[in-house]
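Me: Could you take a close look at the aromatic rings in this model, and at what they sit against or pair with? I would also like a short account of the strand pairing, for orientation.

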Amino acid sequence: MSFEVIEHDVGGRIGKLYTRHGVVNTPALIPVLIPTKKPISPKILETEFNCEIIITSAYLLKQYIARSSENLSDLHSFFHFNGPIMTDSGAFQILHYGGVSITPEEVIDFQEKIHSDIAVILDLPIGPDLTYEQAKYNVAQTLQRAKESLNLRNVEDILWVGPIQGGAYSELIEHCAKTMYDLSFDMYALGSVTPFMEQYNFTKLVEGIATAKMNLPIQRPFHLFGAGHPLFFSLLIALGCDTFDSAAYALFAKENRYMTPSGTYLLDSLEVFPCSCPVCIKYTPSELKATNAELRYELLASHNLYISLQEIRTIRQAILDGRLWELLEARARMHPRFLQAFSHLKKYRDWLEKFDPISKRRALFFYGKEGLSRPNLVRHQEHVTTYYHPPSDAPILTILPETNIKPFRSSPGHIRLIESLKEVFSEYFPYLHLVTFVIPFGCVPSEVENIYPLSQYETSRIIDRASLKFAWESFEEYLNIHKSNYRIIILFNNASQWNSFITQKMTSLCQQLGYLLFIIPEELYAGTLTKKLHQLLKEIVQVSVSHLER
């Protein structure tokens, strides 16, 4: 088994999972097939939907074979599917029905006999109603079965999945993941999340995935059991899910529910299909409603799967472009619970930063406060406070206004200001340390403004209070850490963007740090009042030199 990572973005990654029946390009949606209920045949999944992998229940398959007296020696021949096939053990049935009539040893033996490519041990899931002690027992049993499975496996080229359990209890998920880390599994998977999906408790889902991922080896692929609606795929992938299975495309179709990237409609409520898949091109809503139940089920399932797979392709391209965070922001606005879960990523911003690329193919788009937890901002704050060291012989911090043109020093506004500073300060110009106050990054020293994304970003220029406050707090942290480098601050006040917020905060901080502060009004440097600007700068030079010579 080999898992090769090609690209990263946020916590998401594009990779290749090698199995004995071919390569699975990740992130991948794995459609669930129930042996007796197949609205779309495996052959059609392979040839028309280009599905590289499918999943079925080994437990249900064993029951079906026992009832039908049919001989099953090879899973791929049975399904007429040439690609990899993953088999679940029956844990989903335990979660929903309370138990299964199969032992952990029988599950392993059966999956080996039918030549599963990716197989799962029989773990004990945790339903939403279980107490902490009951959940703790199930985790202990799952880990015990995982350890025992090491001596039960006889086929070497099956990829075995180590299931992580814990339900709503993050500490149990952490314990399970840490213990499973040391066992010999090719993949890991988080289980018992379907109730969170059904209850739209996506915040708890974020906590579960992040907790598991933070305690598992990053070089192994990570699977999520029961992914649900495509609206939330981007969130799952951004947290590090490489593969996930879903039966939602068929379950929704059974209830005449029509999926879109932004939500779900009942078929009866539609007059126009907002889609151009083969089903929606061929049928109108009224025509589809007029078909018999079996055909309608098949056609709706096909549409739902088209939409689900389309979202996977959209996410893959977003990762390649370095735009997964922007896609998350767009999707978060489509459902209030998604927005709530998306906001919860702030808790894991430092962890996500570890996986986000330092530079990307495209510029960063910043829309507003929802983007304040993105990894790029975490990295910039760490760089300017921990790794960056300002010049020790430039005690006058000169704060320039942000410009539309980047890098800032190439903009006409900055060129004009710097020329004025050079002319007036003359031999004292080296005393100036030039930085730019940038929303949302905060302090951007001129020496680093070419580093991605400081010159490769776009904003709406509509400044919300949260983003302004975030930028100031970042700048304040910079000044507190490097306070010994400076004695004087010259602030070119960008009042049209900052109002009075920054000047008030800067005045208070300078009093606290003992700095001399000069504030240059925007009308002096942004207009044609060059003589007045020069006069003010001359006065600043005189006072500054006198102050520094004390």
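Reply: In this predicted model, K406 lies over the face of Y457, 4.5 Å from the centre of the ring. A second lysine is placed in a comparable manner, for the charged end of K254 sits over the ring of Y297, at 4.3 Å from its centre.

Turning from charges to ring pairs, the structure holds 23 aromatic pairs. One of them is formed by F49 and Y306, whose ring centres are 4.4 Å apart and whose planes make 35 degrees, so the pair counts as tilted, given that stacked planes must be under 30 degrees apart and edge-to-face planes over 60. This pair links distant parts of the chain, with F49 in the loop between α1 (42–47) and β5 (54–57) and Y306 in helix α14 (residues 293–321), 257 residues apart. Both F49 and Y306 are buried.

A contrasting geometry is found for Y200 and F232, which form an edge-to-face pair at 6.2 Å centre to centre, with 85 degrees between the planes. Here, too, distant parts of the chain are linked: Y200 belongs to the loop between α8 (194–198) and α9 (202–214), F232 to the loop between β10 (222–224) and α10 (233–238), and the two are 32 residues apart. Y200 has a relative accessibility of 30% and therefore counts as partly exposed, since that class lies between the 20% and 50% limits, whereas F232, with a relative accessible area of 3%, is buried. Elsewhere, ring pairs join Y388, F437, W472, F475, Y478, Y486 and W498 into a cluster.

As for the strands, a closed barrel of eight, with parallel pairing, runs β4-β5-β6-β7-β8-β9-β10-β11, and neighbouring strands of this sheet are turned against each other by 25 degrees on average, direction ignored. Within the barrel, β6 (residues 85–88) and β7 (residues 118–120) run parallel and are joined by two bridges, M86 having I118 in β7 as its bridge partner. Helix α7 (residues 170–181) packs on the sheet, where it touches β8 (159–164) and β9 (187–190), and its direction makes about 150 degrees with that of β8. Antiparallel pairing is seen between β12 (residues 257–260) and β13 (residues 263–266), which are joined by four bridges; these two strands form a hairpin with two residues between them, and T260 has G263 as its bridge partner in β13.

Technical notes: Residues numbered from 1 in each chain as written. Predicted model: local features only at pLDDT ≥ 70, side-chain atom pairs only at ≥ 80, totals over all residues. Heavy atoms only, no water. Phe/Tyr/Trp six-rings, centres within 6.5 Å; stacked < 30°, edge-to-face > 60°. Buried < 20%, exposed > 50% of the residue type's maximum accessible area, 1.4 Å probe, protein only. Lys NZ or Arg CZ within 6 Å of the ring centre and 35° of its normal. Pairing = 2+ DSSP bridges. Axes fitted to C-alpha atoms, helices over the stretch in contact; angles between N-to-C directions. Contact = heavy atoms within 4.5 Å.
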